[in-house]
Amino acid sequence: MTSQTLGQPALPALDVSGTSAIPFSRLVRVELRKMADTRAGRWLLISIAAVTALVLVIQLWVVVAQDLVVNFTDFMIAMNTPMGILLPVLGIMSITSEWSQRTAMVSFSLEPSRMRLVAAKFVSTLLIALAAVVVGLVLAVVANLLYGALTGNTVVWGLTAVRVLSYFLLHVFGMATGFAFGMLFLNTAAGIVVYFVYSFVLPGLFQLGASLLGWFADLQPWIDFNAAQNPLVQGDASGSDWAHLAVSGLLWLVLPLVVGTWRVLRAEVK
Amino acid sequence: MRRIPTCDRLSAMIKVEGLTKTYGGFTAVDDVDFVCQPGTVTGFLGPNGAGKTTTMRIMVGLTPATRGQVTIGGLHYKDIPNPGRHVGVLLDASAQHAGRTGREVLTLGARTMGLPDSRVDEMLALVSLDEKESRRRVRNYSLGMRQRLGIAHALLGDPSVLILDEPANGLDPAGIRWMRGLLKGYAERGGTVLLSSHLLHEVEIIADEMILIGRGKIVAQGDKKSLIAGAGTAATFVTALDNEGLAAGLKDKGIAVSAAGEGLRVETETVEVGRVAADRGIVLIDLRPAEGGLEDLFLSLTADTQRDAVTEGAQA
C-alpha cells in the first residue's frame, strides 16, 4: 500500500482550476453524520425519541388508570416538555462539541468559509429538529389510538394545519435558540445552563416584574419570548400574539444568532 | 500528474511576507518572511512559544494576521476551493473528537472533500493503522497513533503542500524514521513540506531548508551547511591512543582542548586536529566534527527566548 501510494510519479502543482468548491449539500450531509457518529450525539437523538415515548406512556397510564377524557392535543402538549428540553440541547451541542473537542480546527481548515459551515450546521440541526417533531407527532398519534383502544372512549383528533405549523415553529424556535446560545458561549455547559435559566427562571422573573410594576406589565409581552410562544403550544395564536412573537424573537433568537455568528466568524479557533 | 519544474514562477509554493501577529501588547509573530519550495522539506524550528504554531495557524486561516500575508501557490488559503485537496494540514493531532473512531475521522474528511471511502482504507494502510485500531475511538489512541491518524488525514486529498505542526511529537523512534521516509518520498515527488519542531535533531536529518525562529522573529535560515558555516565556530571530537600527547600538541598551537568522554573536544576543525596528530605520529581511533555545532547555534540564537538559561558548561 505504501509503495502504491508513494510510488505515484509526481504530485500535481497547486492548480485549482479543476477544483470546485465543496457543494453546500455535501457540507450538510457531513454535518448530519457528525451528529450521530459519536456516543453522545447518538444517545441524544435516541433519548429525544425515547423520553418522548416514555412521557406518552406515563400520560396514557395515568389517563387510563384515572379514567380521564383527553384528546390528541393533550398528547401533543405532553411531549412539548421532553422536546422543549432536548432539542435546544441538540442545537447547543451541534456548535459547542466542535469547540470543546477542538474539531473546529479541522472543519475550518477543510472549509475556510465559516459562514457556509455555520449555515450547514444550522440546516442539518434544523432537519433533525423537524424529523424529531415528526417522530413526536407519530408517537402522539399512536398514543391517541391506544387511548381509544384501552378506554373505549371516542378518539378526538381536532388537528388543524395551524396547530401543526405552530408545533413545528415552537420546536424550531427552541432548537434555533439553543443553536444561537451555543455560538454565543462556544461552551456546552455554559450554553446549557444559560439556556435553562432563560427558559425556566427568566419567565418567572418576568411574571414577578409584571405583577409588581405596571409599566413592566405592558412591556413584558414584547420581551418575553417564552411567554410569547405559549399561544404556539395552544395552537391558537392571534394577530397580536404573532407580533409579540416577532418582537421578542428578535431579542432572544435573532440577536443571539447574529452576535453568535459574528463571534464564530471572528473567533480564533484553538 | 507531472513533475513540478523547480525554477518557474511556482518556485515558491508557500510565501510568507511581513507576517505579524500581536495580542494586545504581546507580539507573537514579528515581521516574518520566508518561502518554501516545491520538492523540499522545510523545517520550522524554535523553542516552545516562539511563534511557530501561530504562523502555521495564520497560514490556514484559523488566526487572522495583524499585518502581512501568506500565500500558497499564489492564493490566500481561504481562496483555495476545497482546500483539503491541495493543502494537507495537521496542526494538532489531539484536536479530534475523542468519541469518534479513527476510521470515522478519516471518513468525515473524505466525505467533506468528496473522495471515495476507499481512500480512507488507503490512508489507514499508509500510516500502518490496522483494521482493529481504526475501529477504536480516538480517546483510546496513544499520541503516536493520533499523529499517524493526523498525517493520514493531511494526506487524504493527495495535496501538493503539507503543513505539519510538530508531527513527530509522540512518535516512537521507528515511527519517526517512518515519517522521515514518508516526507522525503513526498518531497521527491514534488511536494512541498513545512514541518515544525522544537527538537533540532528531528528536523536536521529530514529538512532541506531550516528556518529558526525565536520570540516571533526569524533568527536564521538556510540549509544545514550554510547555517553551521554561519555559526563560525567549529569543534571536533577526537580520540587517540595517546590523548595526553595529542592534547599537548594542540595546546602548543594555542587550540583549546577539553576532556570529553573517552577522548577530547577540540575547538577547531577536524583537519587541524588530524594535521597535529600526523606531525606527532599519534594514532587516531576516532575523529569527527562535533555534532553540537548546530545545536549550539540553535540554542544561542534562541537563547534570549528560552525558559531555561543556557549555562556555559552545557555544551561540554
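Two strands are taken to pair where DSSP finds at least two bridges between them, and on that footing six strands of chain B in this predicted model form an open sheet of mixed pairing, in the order 5-6-7-3-8-9. Strand 5 (87-90) and strand 9 (217-222) of chain B stand at the edges with a single partner strand each, so that one side of each has no neighbour in the sheet. Direction ignored, neighbouring strands of this sheet are turned against each other by 15° on average.

At the edge formed by strand 5 of chain B, the pairing with strand 6 (residues 161-164) of chain B is parallel and runs over four bridges, with Val87(B) standing opposite Val161(B) of strand 6. Helix 5 (residues 143-155) of chain B lies across these two strands, strand 5 and strand 6, and runs at about 160° to strand 5 of chain B. The loop between helix 5 and strand 6 of chain B holds Asp158(B), a residue other than glycine whose phi is nevertheless positive, near 45°. Asp158(B) counts as buried because it has 20 C-beta neighbours inside 10 Å. A further helix of chain B, helix 6 (residues 173-188), lies across strand 3 (41-45), strand 6 and strand 7 (192-197), and its direction makes an angle of about 150° with strand 7 of chain B.

Further along chain B there is a set of antiparallel pairings that involves strand 12 (residues 263-266). Strand 10 (residues 236-240) of chain B is joined to strand 12 of chain B by three bridges, the two strands running antiparallel, and Val238(B) stands opposite Leu264(B) of strand 12. Strand 11 (residues 257-260) of chain B also pairs with strand 12 in the antiparallel sense, over four bridges, and here Val257(B) has Val266(B) as its bridge partner. Strand 11 and strand 12 of chain B form a hairpin with two residues between the strands, in which Gly261(B) takes a positive phi near 60°.

Chain A can be followed through the packing of its helices. Two packed helices are described by the angle between their axes and the distance between the axes. The axes of helix 2 (residues 24-36) and helix 7 (residues 114-151) of chain A come within 8 Å and cross at roughly 60°, which means that helix 2 of chain A is oblique to helix 7 of chain A. The crossing of these two helices of chain A is right-handed. Helix 2 of chain A contributes Phe24(A), Leu27(A), Val28(A), Glu31(A), Leu32(A) and Met35(A) to the contact, while the residues on the side of helix 7 of chain A include Arg116(A), Leu117(A), Ala120(A) and Lys121(A). Sorted by class, this contact of helix 2 with helix 7 of chain A has ten nonpolar, one polar and three charged residues.

Helix 7 of chain A also packs on helix 8 (residues 161-185) of chain A, where the axes come within 10 Å and cross at roughly 140°, and helix 7 is therefore oblique to helix 8 of chain A. This crossing, too, is right-handed. From helix 7 of chain A, Phe122(A), Thr125(A), Leu126(A), Ala129(A), Leu130(A) and Val133(A) meet residues of helix 8 of chain A, among them Tyr167(A), Phe168(A), His171(A) and Phe179(A). The classes in this contact of helix 7 with helix 8 of chain A are ten nonpolar, two polar and no charged residues.

Some of the residues named above return in the surroundings of Ile95(A), whose place is in helix 5 (residues 80-100) of chain A. Ile95(A) touches Lys121(A), Phe179(A), Gly182(A) and Met183(A), residues up to four places away in sequence not being counted. Ile95(A) counts as buried because it has 27 C-beta neighbours inside 10 Å. Between Ile95(A) and Glu31(A) there are 10 Å in space, C-alpha to C-alpha, although they are 64 residues apart in sequence. In the loop between helix 8 and helix 9 (188-212) of chain A lies Leu186(A), which has a positive phi of about 50° although it is not a glycine. With 19 C-beta neighbours inside 10 Å, Leu186(A) counts as partly exposed.

The two chains also meet, with 37 residues of chain A in contact with 47 residues of chain B. On the side of chain A that touches chain B, helix 1 (2-6), helix 2, helix 3 (39-66) and helix 6 (104-110) of chain A each supply at least two residues. The residues of that side of chain A divide into 19 nonpolar, nine polar and nine charged.

Terms used. Residues are numbered from 1 along each chain as its sequence is written. Chains are lettered from A and ligands numbered from 1 in the order in which they are written. This is a predicted model: local features need pLDDT of at least 70, side-chain atom pairs count only at pLDDT 80 or more; totals for chains, interfaces and linings use all residues. Axes are lines fitted to C-alpha atoms, for helices over the stretch in contact, and angles run from 0 to 180 degrees between N-to-C directions. Angles under 35 degrees count as roughly parallel, over 145 as roughly antiparallel, 65 to 115 as roughly perpendicular and the rest as oblique. A crossing is left-handed if the near helix is turned anticlockwise from the far one by less than a right angle, and right-handed if clockwise. Two residues are in contact if their C-beta atoms, placed from the backbone, lie within 7 Å. Ala, Val, Leu, Ile, Met, Phe, Trp, Tyr, Cys and Pro count as nonpolar, Asp, Glu, Lys and Arg as charged, and the others, Gly among them, as polar. A residue is buried if 20 or more other C-beta atoms lie within 10 Å of its own, exposed if 12 or fewer, and partly exposed in between; C-beta atoms are placed from the backbone.
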